[in-house]
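Colleague: I would like a close look at one part of this model, the way its helices pack against one another. Please take the helix pairs in turn and add whatever side-chain and backbone details go with them.

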Amino acid sequence: MSLKVGIFGITGRMGRSIHDIAVQFPDLKIIGGTSRAPESISPMDLAEKSDVLLDFSTPLCLDSHVQACLEEQKPLLIGTTGLSESHLKTIQKAAEHIPILLAPNTSLGITILAHLVQKAAEQLDFSYDIEIFETHHRNKADAPSGTALMLGQRAAQGRHQQPSSHIRQNGERKPGEIGYAVHRGGGVFGEHSVRFLGDDEIIELKHTALSRHLFARGALKAVSKLATKQPGYYTPTEIFL
Ligand SMILES: NC(=O)c1ccc[n+]([C@@H]2O[C@H](COP(=O)([O-])OP(=O)(O)OC[C@H]3O[C@@H](n4cnc5c(N)ncnc54)[C@H](OP(=O)(O)O)[C@@H]3O)[C@@H](O)[C@H]2O)c1
């Protein structure tokens with residue numbers, strides 16, 4: 001029998017892409033989703049009807065989506081980015097009762113890139129400055145992207161740093177800072193590049209998404225796995241690799 005999948009944000013760019021690509025997954029059935037439209041199904045009804053849920057909406061309604069999954073005891077993949085500390089606390093608490101995957105990027109390539117970034121940061125000392133570049137389409141709401149921030153976190157982890165205090169501000173570079181540069185324009189699906197800049201060499205690790213279906217396909221592969229998991233907070237590394 002097919003796994004029933006509900007999508008919070010089904011009318012968005014990602015929601016539509018997931019809906020389109022789902023025909024390639026005979027074990028999954030998209031049963032519907034939410035939007036801002038007055039006729040939209042409620043988050044609670046969607047959670048009740050689904051076996052597993054995907055969130056590709058906006059931080060504004062994330063808490064109500066987590067609450068609905070919690071009440072209905074359904075696994076949830078969160079792809080929405082631009083989340084606050086308060087969102088993260090809500091997610092961690094809910095993950096004591098349901099399986100939750102927080103995946104600011106659902107591509108295998110970025111999961112591998114993040115792994116490589118952490119490994120490189122472990123090997124390179126503080127004489128290498130770390131700068132992260134990202135480009136996205138003109139309509140993207142948050143900046144830096146959730147993926148760029150995640151890559152920064154993994155670099156910081158590799159260097160045993162606290163990630164939040166190392167976002168570079170204006171002015172001269174301070175030792176150990178991790179800088180972010182953001183481009184917005186056109187229809188770019190997502191480009192991320194992490195550069196380690198030494199005095200005599202630059203190492204660059206880069207990923208380019210060539211289609212939005214990349215993220216949609218990754219999200220659908222991930223929910224199938226998430227649906228088999230015990231309650232807990234899962235990372236993309238645990239689900240994708
Ligand atoms: N994890 C990944 O790999 C990945 C990849 C791409 C994007 N993302 C992230 O996924 C999220 C969605 O991206 P997108 O490009 O699909 O955005 P989008 O096109 O703006 O779609 C947003 C969706 O959320 C719904 N929505 C917005 N505000 C709402 C509200 N107040 N109540 C209920 N529904 C609401 C929209 O409904 P209406 O159509 O009615 O407005 C729409 O269905 C973003 O945070 C983005 O950064 C993640």
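Modeller: What follows goes through three helix pairs and then a few local features. The model is predicted.

I start with helix α5, residues 108-123, and its partner α6, which spans 146-158. Their axes come within 7 Å and cross at roughly 30°. An angle under 35 degrees counts as roughly parallel, so α5 and α6 are roughly parallel to each other. The crossing of this pair is right-handed. On the α5 side, the residues in contact are I110, L113, A114, H115, V117, Q118, A121 and E122. They meet T147, M150, L151, R154, A155, Q157 and G158 in α6. Sorted by class, this contact between α5 and α6 holds eight nonpolar, five polar and two charged residues.

The loop that leads into α6 has a backbone feature of its own. P144 is found in this loop, between β6 (129-136) and α6. The peptide bond joining A143 and P144 is cis, with omega at about -10°.

The next pair is α3, residues 62-72, with α4, residues 85-94. Here the packing angle is about 5° and the axes are 10 Å apart. With that angle, α3 and α4 are therefore roughly parallel to each other. From α3, the residues L62, D63, V66 and L70 take part, and they meet H87, T90, I91 and A94 of α4. The residues of this contact of α3 with α4 divide into five nonpolar, two polar and one charged.

Q73 belongs in this part of the account too, since its place is in the loop between α3 and β4 (76-78). Q73 is not a glycine, yet its phi is positive, at about 55°.

The last pair brings together α1, residues 13-21, and α7, residues 213-226. Their axes are 8 Å apart, and the two helices pack at an angle of about 65°. The range for roughly perpendicular is 65 to 115 degrees, so α1 and α7 are roughly perpendicular to each other. This crossing of α1 and α7 is right-handed. In α1, the residues M14, S17, I18, D20 and I21 make the contact, and in α7 they meet H213, F215, A216, R217, A219 and L220. By class, the contact of α1 with α7 is made up of seven nonpolar, two polar and two charged residues.

Two remarks on aromatic rings remain. With a limit of 6.5 Å between ring centres, the count of aromatic pairs comes to zero. The ring of F126, however, has a charged group over it: the charged end of R159 sits there, 4.4 Å from the ring centre.

Terms used. Residues numbered from 1 in each chain as written. Predicted model: local features only at pLDDT ≥ 70, side-chain atom pairs only at ≥ 80, totals over all residues. Heavy atoms only, no water. Axes fitted to C-alpha atoms, helices over the stretch in contact; angles between N-to-C directions. Helix = DSSP H or I, 4+ residues; strand = E, 2+ residues; numbered from the N terminus. Parallel < 35°, antiparallel > 145°, perpendicular 65-115°, else oblique. Left-handed = near helix turned anticlockwise from the far one by under 90°. Contact = heavy atoms within 4.5 Å. Nonpolar A, V, L, I, M, F, W, Y, C, P; charged D, E, K, R; others polar. Phe/Tyr/Trp six-rings, centres within 6.5 Å; stacked < 30°, edge-to-face > 60°. Lys NZ or Arg CZ within 6 Å of the ring centre and 35° of its normal.
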